[in-house]
Amino acid sequence: MAFYFSEPSHTFDEYLLVPGYTGPDCIPANVSLKTPVVRYNKKAGEKCPLTMNIPMVSAVMQSVSNDTLAVALAKEGGISFIYGSQTIENQAAMIAKVKAYKAGFVTSDTNIAPTATLTELVAKIEQTGHSTVAVTDNGEADGKLLGIITERDFRLDHCPEGAKVQDYMTGLSDLVKAEVGVTLEEANDIIWKNKINQLPVVDKDGKLQYLVFRKDVESHEEHPNELLDADKRYIVGAGINTRDYMERVPALLKAGVDVMTLDSSEGFTEWQRKALQDIHAKWPQAKVGAGNVVDADGFRFLAEAGADFVKIGIGGGSICITREQKGIGRGQATATIEVAKARDECYKETGIYVPICSDGGVVHDYHITLALAMGADFVMQGRYFARFDESPTTKLMVNGNYVKEYWGEGSNRARNWQRYDLGGKKGMAFEEGVDSYVPYAGSLHDNVTLTTSKIIHTMCNCGVLTIPELQEKAKITMVSAASLREGGAHDVVVKNTSIRAE
């Protein structure tokens, strides 16, 4: 006879935190969001070999996690898991770019040839959102620098049709530039001395290597939580699958990846156990998470197989339709609570602490705090990060509003059949994700700062200063449908709803 759970599964929306005593020392400045990422012997006093400064990672998705977002999130203290549904070479190249990134030194992502038209230039600026464009001989970031052009250098409606970039750019002879080897401090001095907004950095052959912006030099001091390895390089993760891991993992390790995760809609499988065992046998230094699971049995299976962390969640993501297509899954709150209990029991038995990641089901910022209080060590988000400037998708105007494209790995657009692979022939039998838009939200820095501020203030309301303390002391209550309605603005005419946006 089939097993029936006695209670229905619940989502984060059905819970609230009940405030605890806030003492005189429980102020935002004293709160730490530091959290472990991979397994360690906690009982023996071992220090976790990889921690984050904020409990947020970006999802293993084409429309979310590339090298640009990875750098931006590492600056804030989190980790991006660069998507694996691409060639091994391309994924390794993205990892290498993150590890080679020098704070303040930006590889130009908006470049153009001198013979291009101003109309082509405007289209490129609209595509990337960056108004400073490097003019190179081949129109690429690695070309020989010929000049710089910005939106301030021309007015399209005052220029003749077919006007060329070369007629409006600031040419090489009039540019202040520096050579490779200049330090950030030296670049900053050059920028301020010459009263310029950007400084091109070229190699001995005159090829563009980096751009240093005045605003980036200033903002470098605004990231006290940036997540760095022992060599002062940004921490970065990657998604892998259970098909080509023996070829993919060594390439990613060579590129400098810090942590990986087996990315699947359902991780309670023999293929994940075999992959974990193969990888740890061949590369014992590798850190590999696994998932996704939604109950204690799934957690124990992956923890015993050697998973360095375990991801929780099936069907809770905003673009995931696995529950509709297959009828499998579980409410994200219930799944997190049960897996956290299993994690704690496993720790008591073995002394090994295996962190858990709540993946999906986060609609509002306070859901993150709830997930942490329910036992998650960190959360993985896709929709949240897809909205930002740094995500790899295109910003569009739809019905008078700016949006960004966002599609699931199980959609026909992604064609990531490996994520839903059950050991059969290659290919997708049906979709488990959709192709969509999300409202454009601006920069990652501004939004993550706001989100973490909400988490920190809520923790103070609960009378705690750390995530482990929140997990131990939180008081959580279920709410009724009527309570949900009462929780928002009601019985009034709201003048401005922007404060409700998340």
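This report describes salt bridges in a predicted model and the accessibility of residues that form them.

Residues are numbered from 1 along each chain as its sequence is written. In this predicted model, local features need pLDDT of at least 70 and side-chain atom pairs count only at pLDDT 80 or more, while totals for chains, interfaces and linings use all residues; side-chain values use heavy atoms, with hydrogens and water left out.

A search of the whole structure yields 17 salt bridges, a salt bridge being a side-chain nitrogen of Lys or Arg within 4 Å of a carboxyl oxygen of Asp or Glu. Three pairs are among them, tabulated here with their N to O distances.

| Acidic residue | Basic residue | N to O distance |
|---|---|---|
| Asp67 | Lys97 | 3.4 Å |
| Asp205 | Lys204 | 3.7 Å |
| Asp365 | Lys454 | 3.0 Å |

Asp67 bonds with Lys97 in a salt bridge. Asp67 belongs to helix α1 (residues 67-76) and Lys97 to helix α2 (residues 88-100), so the pair ties together parts 30 residues apart in sequence. Helices are DSSP runs (H or I, at least four residues), numbered from the N terminus. Asp67 is buried at 12% relative accessibility, whereas Lys97 is partly exposed at 47%; buried means under 20% relative accessible area, exposed over 50%, and partly exposed in between (1.4 Å probe, protein chains only).

In the second pair, Lys204 is exposed at 76% relative accessibility and Asp205 is partly exposed at 46%.

The salt bridge between Asp365 and Lys454 links distant parts of the chain, with Asp365 in helix α11 (residues 365-373) and Lys454 in helix α13 (residues 444-461), 89 residues apart. Asp365 is buried at 6%, and Lys454 is partly exposed at 29%.

Lys99, Asp229, Asp231, Arg233 and Asp258 are joined into one network by salt bridges that share partners.

Terms used. Helices (H or I, at least four residues) and strands (E, at least two) are DSSP runs, numbered from the N terminus.
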